[in-house]
Amino acid sequence: MCEVLCYPLTMVDVVIALIEKDQKICIGQRRSEPFKGFLECPGGKVENGESLIDALKRELREEGNAMIHQADYITHYIVSNQHGDFRLHWFKVELLNEFDPIIYEEIKWVNVDDLNHLNWIEHNRPYIPMMKKAISLKSTDLFLKESTTEEELVKILQDDNVLIKNIHLKQDGHLIESKTIDLYSIKLV
């Protein structure tokens, strides 16, 4: 006899935009429950059949009439609370236009040094160091010579100050291959 309540685990994917401008992060004060009055970075649930980047585009359009110029995947983590089990996917985002809040009571542009002192949703608080670090990262492409060893590549990929999006292989000065990095494997935490 099973004495433990068993149920299938349903994980809900959520995208979150770490929008940065002039070393400040865009945060919004939630207008509705759950977590009414608490602060968060814009984002929301991924809809059925939607890619993470499509969800991010939709959420920023719905929440702030904003369009993405560039989005780089940073990391993800899992949160379980009374509302369910969630996989939170964080992106560092640059916008084409201003974020014009639609669903928030208000938005603030906050200096990264002040993030610890704000009224965050509690499950986001442990990731404040990740937010600070992500703001300092520069997104770039990596150009390698054919003679680059695997050890050299691993060392480059472990650099904490650069988020590499694409790797390009050159031979005799000519591009012979390009590959997009699986950004899910590059984590800051």
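**Cysteines and overall layout of a predicted chain**

By the distance rule used here, the disulfide count comes to zero. Cys 26 is in no disulfide, and its nearest cysteine sulfur, the one in Cys 41, lies 7.6 Å away. Keep in mind that this is a predicted model.

Why is there no bond at Cys 41? The closest cysteine sulfur to that of Cys 41 is in Cys 26, at 7.6 Å, and that is too far for a bond. The cut-off for calling a disulfide is two cysteine sulfur atoms within 2.5 Å.

Next, are these two cysteines buried or exposed? Cys 26 is buried, with a relative accessible area of 1%. Cys 41 is buried as well, at 5%. For bench purposes, then, the picture of the pair is this: Cys 26 and Cys 41 are both buried, and their sulfurs are 7.6 Å apart.

Now the chain as a whole. How many helices and strands does the chain have? There are three helices and 10 strands. Starting at the N terminus, the order is β-β-β-β-α-β-β-β-α-β-α-β-β. Read in words, four strands come before a helix, three strands and another helix follow, then one strand, one more helix, and two strands to finish.

On burial, the chain has 189 residues, and buried ones make up 37% of them. The accessible surface of the chain is about 11400 Å². Carbon and sulfur atoms account for 51% of that surface.

Last, contacts. Taking the contacts in the chain with a separation of 6 or more, 65% are between residues 24 or more positions apart.

Key:
Residues numbered from 1 in each chain as written. Predicted model: local features only at pLDDT ≥ 70, side-chain atom pairs only at ≥ 80, totals over all residues. Heavy atoms only, no water. Buried < 20%, exposed > 50% of the residue type's maximum accessible area, 1.4 Å probe, protein only. Contact = heavy atoms within 4.5 Å. Areas by Shrake-Rupley, 256 points an atom, 1.4 Å probe, with all protein chains shown as cover.
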